[in-house]
Amino acid sequence: MEFKGLRQALTQESPLQIVGTINAYSALLAKRAGFRAIYLSGAGVANASFGLPDLGMTNLTDVTEDVYRITGACDLPLLVDIDTGWGSAFNIERAIKTLIKAGAAGVHIEDQVQAKRCGHRPKKELTSQEDMCDRIKAAMDAKYDKNFVVMARTDALAIEGLEKAIERVQAYVAAGAEMIFFEGATDISQYKRLTEVCKVPVLANITEFGVTPLFTKDELKQAGIQLILYPLSAFRAMSAAAVTVYEAIRTEGTQKTVIPMMQTRNELYDVLHYHDYEQKLDELFAKGKGK
């Protein structure tokens, strides 16, 4: 089933589970697993595509290239991390228009300063509430597709506390934010407190090895969360598997012991519909010979 956007997917599943896909093939695997929405994180682009840490060193062009690859292969709605928007209101406007054209279903923009840090690391700094509202307004003014979603992310909880974070969220919604990304929760009650007063859907970021416990879908649903993000779960598993395979080949001189970990050639071909492409080639060549 094709979903035109995040809102449509949310009508089919609530809470909506959104999984990180670092590339087109990952997106295809996520779709086969039954997910209704996917995600491209700034960390995913930086780590996987460029071998860089998540410190705001990638740009709109870098992210858009990965977006085009994913949306070209998979029709699930794709939520995209645009960090702080990469600059002024004009930069944000350009980012929104570019990513809509690239097929993204929505973006989230955050309230850290331009020299941002990972949301689960210390020493984060916030921009002013007014500046963040201006970022949101710039994004909303730029969007020309009604199905496209502008989500505001706040990192304020760890810096200013829950009540100040909620004040920011309410201001962001008033500025036009259509969904909220509430980063860094440490207790389920914090989500519940926010969702009781927030007028738009709230996303919980359930990332591993961070400050947020790995709350279950049922726990988050009871707390009023409508979207759940697993940004890099598969990437972390892929990377750990790759380390094991590389070490086996290097130390044992063969990959035989790690074959059970691998996706088979036939499984790969099945995901990619390889045999359909071959059949098409055979038909084209047959027509050519018949002339």
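Biologist: Which element gives the most to the lining of the largest pocket?
Modeller: α11 does, with 5 residues. A lining residue has an atom within 4 Å of a pocket point, pockets being open sets on a 1 Å grid where a 1.4 Å probe fits, with protein on both sides within 12 Å along at least five of seven lines. This is a predicted model, where local features need pLDDT of at least 70, side-chain atom pairs need 80 or more, and linings use all residues. Numbering starts from 1 along each chain, and side-chain values use heavy atoms, without hydrogens and water.

Biologist: How many of the lining residues are nonpolar, polar and charged?
Modeller: The lining divides into 10 nonpolar, 4 polar and 1 charged. Met and Ala count as nonpolar, Gly as polar.

Biologist: What makes β4 mostly covered?
Modeller: Buried means under 20% relative accessible area with a 1.4 Å probe. In β4 (residues 106-110), 5 of 5 residues meet that, so the strand is called mostly covered. G106, H108 and E110 point one way, V107 and I109 the other. Side chains alternate between the two faces in a regular strand.

Biologist: How do you know that β4 pairs with β3 and β5?
Modeller: Pairing takes at least two DSSP bridges. β3 (residues 78-81) and β4 have 3, and β4 and β5 (residues 149-154) have 5, so both count as pairs. Both pairings are parallel. V80 stands opposite V107, and G106 has V149 as its bridge partner.

Biologist: Why is the unit of β3, α5 and β4 called right-handed?
Modeller: With the strands pointing away from the viewer, the path from β3 over α5 (residues 89-101) to β4 runs clockwise, so the β-α-β unit is right-handed.

Definitions and conventions:
Buried < 20%, exposed > 50% of the residue type's maximum accessible area, 1.4 Å probe, protein only. Helix = DSSP H or I, 4+ residues; strand = E, 2+ residues; numbered from the N terminus.
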